[in-house]
Amino acid sequence: MKGGLKVPLISLILIGFVCASVIILAYVKSPFLSYWTPSQDRVFQISPDYKVKDEEVLRERNRSGQSEENVNFESSISNSSTKDKVTEEPITNTAIEGSAGIPPSFTQKGGDLKALEEKNSSKEQENEVAAPLNSAGVAIENMTSDSKDHGCNYAKGRWVTDDSRPLYSGFHCKRWLSAMWACRLTQRTDFEYEKLRWRPRDCEMEEFTGVKFLKKMENKTLAFIGDSLGRQQFQSLMCMITGGEDRPDVLDVGRDYGLVKARHAVRPDGWAYRFPRTQTTILYYWSASLCNLTPINASNPLTDYAMHLDRPPAFLSRFLPRFDVLVLNTGHHWNRGKLNANRWVMYVDGVPKTNRKIADINGAKNLTIHSIIKWVDSQLPKYPGLKAFYRSISPRHFFNGDWNTGGTCDNTTPLSGGKEVLQDESSDAGAAGAVKGTAVKLLDITALSQLRDEGHISRYSIKSTPGVQDCLHWCLPGVPDTWNEVLFAQL
């Protein structure tokens, strides 16, 4: 037609219109094409640093609950690559309540959080230490030579302030706590040392409560056997379980273990208490050397005593079948003054020792520690449910002298010498070497306690002697509470 559109041109227009319609329809219905449109999830992607940091915040909140709402803390998360290292700023309760500034797409997307947890779980598995094997090549839960439990080294970490501490009152825990160690009853006026909590570096440590402890130890017996520091740990645990309350329902069952005060004795050789609702028994037996002691001349009241370096205490040999958890310690009675005052004579193989290698005190002590750990290890196959620990040495902090030469520990500023333990190995090499290759665990408390010189009795002892300070024993509540938290985490 003249002046009209030519037929080929009209055809091209129609074809173009149809193609455009097809493309628009496909765009609306096709997942493939809609994929190229940026989604909200992609707009709000979180950097890896944010994910690691906020996942740690959520884990800390879940672990602590309401007991640490007002605690500001900082921590560092170390991975194998330095570029992934994240330093955590102090976190307030408000930040935690508000998901720490995490965009909604993260908090609402369960898939992202699950993937993050799986990622971190795989990293933790890479860092785990393979479970030791017994003689049959079978992995055993309690066969380890240090404080690492499922890849966690509880001895490595830092002290942090926690306003929810202490776990009990030093004023009220009078039934279980000796007055000489209750610094709240002395002239001491600074108590910042009670507000510190130990946080392991690479793992979570389960929060201690008396209810959880008794549930774990239902129908079980825990025995502390050792010196006066072992007695402090025993008293600390009794206060922690009861919250420092009297608890008239708790039974004194010392007689069941022969722990009764002898005539003319200042105190019994130990104490044993039972919580009747869970049938949980906690006991302590005094054995400062962990040696078997026998009178050389039983008919002589002033007889010397054979100190059998290679034999366990008779109490332990007799009652071991009744124990479910055993905690041993020794160390501070190994000096000539103590041995002479107690009239202890060192014996090996049933006769006075003649080997010059053990003539010195350290040699004798090491022989004893190795001997008793070897003996306990030999007994464990007979009692599959028994978990045995050897606690490393509790450090002394005498400055400018020793206990009898004017040594002091007057510092009252917590953590003035540092707050963090970074080493992987125990500071008590002798103890670590003794448990190596055995099923006896090391309760490693030496390095973390070394940072706490302000926590000793110091000059505030109730029965203090002028010029003499106690820089060996600890104020309670105090550092031994942490030993029990680490023990609880490994049960």
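Modeller: Let's start with a definition: on a 1 Å grid over the protein atoms alone, a cavity is a set of points where a 1.4 Å probe fits but cannot get out, and lining residues have an atom within 4 Å of a point. Its volume is the space filled by probe spheres set on the points, which are joined across faces, edges and corners. This is a predicted model, where local features need pLDDT of at least 70 and side-chain atom pairs count only at pLDDT 80 or more, while totals for chains, interfaces and linings use all residues. Residues are numbered from 1 along each chain as its sequence is written, and side-chain values use heavy atoms, leaving out hydrogens and water.

Biologist: How many cavities does that rule give, at 30 Å³ or more?

Modeller: The count is 2. The largest has a volume of about 100 Å³, and 14 residues line it, with Arg165, Glu194, Leu196, Gly478 and Asp481 closest to its centre. The second largest cavity holds about 40 Å³ of space.

Biologist: What makes up the lining of the largest cavity, by class?

Modeller: Its lining has 7 nonpolar, 2 polar and 5 charged residues. Here Ala, Val, Leu, Ile, Met, Phe, Trp, Tyr, Cys and Pro are nonpolar, Asp, Glu, Lys and Arg are charged, and the others, Gly among them, are polar. Helix H15 gives the largest share of that lining, 4 residues.

Biologist: Which residues line the second largest cavity?

Modeller: They are Asn153, Ala155, Val421, Gln423, Asp424, Glu425, Ser426, Ser427, Asp444 and Ala447. By class, this lining has 3 nonpolar, 4 polar and 3 charged residues.

Biologist: You mentioned helix H15, so let's stay there. Why is Thr482 called buried?

Modeller: Buried means under 20% relative accessible area, exposed over 50% and partly exposed in between (1.4 Å probe, protein chains only). Thr482 has a relative accessible area of 2%, which is under that 20% limit, so the word buried applies. Thr482 is in helix H15.

Biologist: And what makes helix H15 mostly covered?

Modeller: Helix H15 spans residues 479–489, and 11 of its 11 residues are buried. Among them are Val479, Trp483, Leu487 and Phe488.

Biologist: Which residues does Thr482 touch, leaving aside its neighbours within four places in sequence?

Modeller: Thr482 is in contact (heavy atoms within 4.5 Å) with Trp159, Trp198 and Leu448.

Biologist: Where do those two tryptophans sit? How do you know that Trp159 has a partner in S6?

Modeller: Trp159 stands opposite Trp198 in S6. Two strands pair if DSSP finds at least two bridges between them. Strand S5 (residues 157–161) is joined to S6 by 5 bridges and they run antiparallel, so the pairing rule is met.

Biologist: What makes S5 and S17 a pair?

Modeller: They share 2 bridges, in the antiparallel sense, which is what "at least two" asks for. In this pairing Arg158 stands opposite Glu420 in S17.

Biologist: In what order do the 3 strands form the open sheet?

Modeller: The order is S6-S5-S17, with antiparallel pairing. Strand S6 (196–200) and strand S17 (420–421) stand at the edges, each with a single partner strand, so one side of each has no neighbour in the sheet. As for S5, 4 of its 5 residues are buried, so it is largely enclosed by the rest of the structure.

Biologist: Why does Arg199 count as buried?

Modeller: Arg199 lies in strand S6, and its relative accessibility is 9%. That is under the cut-off, so it is buried. From Arg199 to Trp159 it is 40 residues in sequence, but 6.1 Å in space, C-alpha to C-alpha.

Biologist: Why is Thr303 called buried?

Modeller: Its relative accessible area is 5%, again under the limit, so it earns the name. Thr303 is found in the loop between strand S11 (292–295) and strand S12 (305–308). Not counting residues up to four places away in sequence, Thr303 touches Pro295, Ile296, Asn297 and Arg343.

Biologist: How many helices and strands are in the chain?

Modeller: There are 15 helices and 20 strands; both are DSSP runs numbered from the N terminus, helices being H or I of at least four residues and strands E of at least two. Buried residues make up 44% of the 491 residues. Among contacts between residues at least 6 apart in sequence, 75% join residues at least 24 apart.

Methods. On a 1 Å grid over the protein atoms alone, a cavity is a set of points where a 1.4 Å probe fits but cannot get out, and a pocket is an open set with protein on both sides within 12 Å along at least five of seven lines; lining residues have an atom within 4 Å of a point.
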